[in-house]
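Work through the following exercises with the structure open. Each one sets a task and then gives a solution in steps.

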Amino acid sequence: MSTTESQARPPDNADQWTEVQSSAEFVELRRRLRTFVFPMTALFLVWYLLYVLLADYAPEFMSTKLLGNINVGLVLGLLQFVSTFLITTLYVRYANRKLDPLAQKLRESVGEDQG
Amino acid sequence: MTTLAQGVEGNSPILNISIFGAFVVITLIVVFRASRNTKTAADYYAAGRSFTGPQNGVAISGDYLSAASFLGIAGAIALNGYDGFLYSIGFLVAWLVALLLVAELLRNTGKYTMGDVLAFRMKQRPVRAAAATSTLVVSFFYLLAQMAGAGGLVALLLGITGAGGQAVVIAAVGIIMIVYVLVGGMKGTTWVQIIKAALLITGALAMTIWVLAQFGFNLSALLGGAVETGAANGGEALLNPGKAYGATETSKLDFISLALALVLGTAGLPHILMRFYTVPTAKEARRSVVWAIWLIGIFYLFTLVLGYGAGALVGPDAIKAAPGGANSAAPLLAQALGGPVLLGFIAAVAFATILAVVAGLTITASASFAHDIYANIIKKGQVDDKNAEVRVARITAVVIGAVAIVGGIVANGQNIAFLVALAFAVAASANLPTILYSLFWKRFNTSGALWSIYGGLAVCVLLIVFSPAVSGKASAMFPDADFAWFPLANPGIVSIPVAFVLGWLGTVIGGKADEKKYAEMEVRALTGAGAEKAVVH
């Protein structure tokens, strides 16, 4: 690393990183992270694009009135807000339960304890 | 407040300036206090990594809810109805990319800049140069957007309509901003963002409740009011998608292109990425994104009400006729609701917004120059004097501030929401593919990084230059010239996929990736081992 300040960091032993990377626990941590974030990203991107395409190419459907002046488009738009808040909350719960404890353990095994 | 307001008729420039002046004085005091502890590079660039997640979350929303978000979106909804609302949805959903894929991993592997992460396992000098280049380009577009908005605002709020007078005010705003950055560094700038975000969100909340109260807290009645007042401006069409973008097949495609840039751009904005370094751990970075998502989401719900409220209570004709056009919808609504006092408050908040966002951009751009180019490329990572890097950053900040002032004067009157959309397109094309590849793709290597940064940047900027936004149309930057051959105003639909493909192609053609470095990066990214710590004073 060409950085400009010296700092506390674990011994720069490149083999140590490779060891940790191939350890069963790290493989599990990576699996847990990726099995959550990749499908979730695909999900919200598809849902967002579906919404955009509907607004673009199915304006009549989006203009269908549901309640007074409130139409399908507005409701679907507000649901984008709801889904964003929901995914945020789900991720935080998942990270606190499934990712953080494992990351903490691995961090300690690299010889570092940091909250 | 209402009784006081009723006593005065119309706009009061002196009142507006006084409220804004009070904001400047208070924030300057805070900045000077914060500067006492700014000594090292980590203090100057990353506020000693000492902010909590919630504090940083508020600051992020302060950075993100720029003049374009507040004035631009409210105006777009007032004039174009539903199509304006689509902006805010893209801006919000984009935060999930930052939350799920970028924020924590970036915090764990970087130090001060985006270049730290992109160059982690690559050849330092070329990749840092590329990262710094794209950081400077994105920041420049974003800066232009903010400063361009300042001119119209000045005209509306201070009654200064002459170009010369507006230029003086833009210069004054720029100079105050430079003082914030020079004196307070990242800590001072962060506090300015926090104060500004609190004022902005509170002000928008008050106006939202006020507007809703006028319509018996009935959203449908509010929409009906906007349709009625805007009868000559599309009426019913205000509620339906397609008013702004539905005209032709090209404009529909343009809209998809815009939507892509909005959702993929946020996690590639250097000034947002840099905010993740101001907290002590990845977990705090996560908390800050969560806070930011809630605040930004709630704020955009307010702008929906404010936009339709302006459409209903002020009317599209009055908005279009006002100096500043669409950007004046929110200030005019404030005047219609609470008279000069509320207008003065909202005007001051809008100014503060420009000031704070420009300060955040300036510190990001100057950090990238000083840390990536000066310290790591020119000095090859061997800066003898630790203060030298910060000194270079401060000098750069002054230069960037000067460029912002000149750019703001030149770009005065351009559509700010559009300029911001361009900044997002460049960020989504040049930065995001490279960030994702370097965090998640083992084989990614130096040539892949260079191809995706420079390729994405070049394709995006070229398409913008040859787009109808720059020439060939009455609304273009150069309406008298016509060299446009790319049909879309938004390049994202082409430039983002091209950047991903180039990153892949460059990797395949290039050499073998440094596997040991990748092991270190991946372990550090996921576990937080060896991450930069908070500075203890």
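**Exercise 1. The annotated spans of chain A**

How far apart do the end C-alpha atoms of residues 66-92 of chain A lie, and what percentage of the span is helix and what percentage strand?

Solution. The model is a predicted one.
- Step 1: the end C-alpha atoms of residues 66-92 of chain A are 34 Å apart.
- Step 2: this span is 78% helix and 15% strand.
- Step 3: for residues 36-54 of chain A, the end C-alpha atoms lie 27 Å apart, with 100% helix and 0% strand.
- Step 4: an unreviewed UniProt entry gives both 36-54 and 66-92 of chain A as "transmembrane region".

**Exercise 2. The make-up and confidence of chain A**

List the elements of chain A in order, then state where the pLDDT is below 50.

Solution.
- Step 1: chain A has 4 helices and 2 strands, in the order α-α-α-β-β-α from the N terminus.
- Step 2: of its 115 residues, 26% are buried.
- Step 3: among contacts in chain A with a separation of 6 or more, 59% join residues 24 or more positions apart.
- Step 4: chain A has a mean pLDDT of 86, and 83% of its residues reach 70 or more.
- Step 5: by element, the lowest mean pLDDT in chain A is that of α1(A), at 85, and the highest that of α2(A), at 95.
- Step 6: the pLDDT is below 50 over residues 1-8 of chain A, a stretch with 14 contacts in the model beyond near neighbours in sequence. Where pLDDT is low, predicted coordinates should not be read in detail.

**Exercise 3. The contact between chains A and B**

Which element of chain A gives the most residues to the side that touches chain B?

Solution.
- Step 1: 52 residues of chain A and 54 residues of chain B take part in the contact.
- Step 2: on the chain A side, α1 (14-22), α2 (24-57), α3 (59-62), β2 (70-71) and α4 (72-109) each supply at least two residues.
- Step 3: α4(A) gives the most, with 15 residues.
- Step 4: sorted by class, this side of chain A has 28 nonpolar, 17 polar and 7 charged residues.

**Exercise 4. Two helices of chain B**

Compare the end-to-end distance with the expected span for α9 and for α18 of chain B.

Solution.
- Step 1: α9 (residues 163-214) of chain B has 52 residues, and a straight helix would reach 76 Å at 1.5 Å a residue.
- Step 2: the end C-alpha atoms of α9(B) are only 38 Å apart, short of that value.
- Step 3: α9(B) has a bend of about 125 degrees at B:G184.
- Step 4: the 20 residues of α18 (446-465) of chain B should span 28 Å, and the end C-alpha atoms are 28 Å apart, which agrees.
- Step 5: 16 of the 20 residues of α18(B) are buried, so this helix is largely enclosed by the rest of the structure.

**Exercise 5. Positive phi in chain B**

Is B:R49 buried or exposed? Decide the same for B:F217.

Solution.
- Step 1: B:R49 is not a glycine, yet has a positive phi of about 55 degrees. B:R49 sits in the loop between α3 (41-46) and α4 (53-64) of chain B.
- Step 2: B:R49 has 24 other C-beta atoms within 10 Å and is therefore buried, the cut-off being 20 or more.
- Step 3: B:F217, also not a glycine, has a positive phi of about 55 degrees and belongs to the loop between α9 and α10 (219-229) of chain B.
- Step 4: B:F217 is exposed, because 11 other C-beta atoms lie within 10 Å and the cut-off is 12 or fewer.
- Step 5: B:G216, just after α9(B), has a positive phi of about 60 degrees.

Notes
Residues are numbered from 1 along each chain as its sequence is written. Chains are lettered from A and ligands numbered from 1 in the order in which they are written. This is a predicted model: local features need pLDDT of at least 70, side-chain atom pairs count only at pLDDT 80 or more; totals for chains, interfaces and linings use all residues. UniProt positions are given in the numbering used here, feature names are shortened, and annotations may be inferred rather than shown by experiment. The expected span of a helix is 1.5 Å times one less than its number of residues. The bend at a residue is the angle between axes fitted to the seven residues ending there and the seven starting there. Two residues are in contact if their C-beta atoms, placed from the backbone, lie within 7 Å. Ala, Val, Leu, Ile, Met, Phe, Trp, Tyr, Cys and Pro count as nonpolar, Asp, Glu, Lys and Arg as charged, and the others, Gly among them, as polar. pLDDT is the predictor's confidence in each residue, from 0 to 100.
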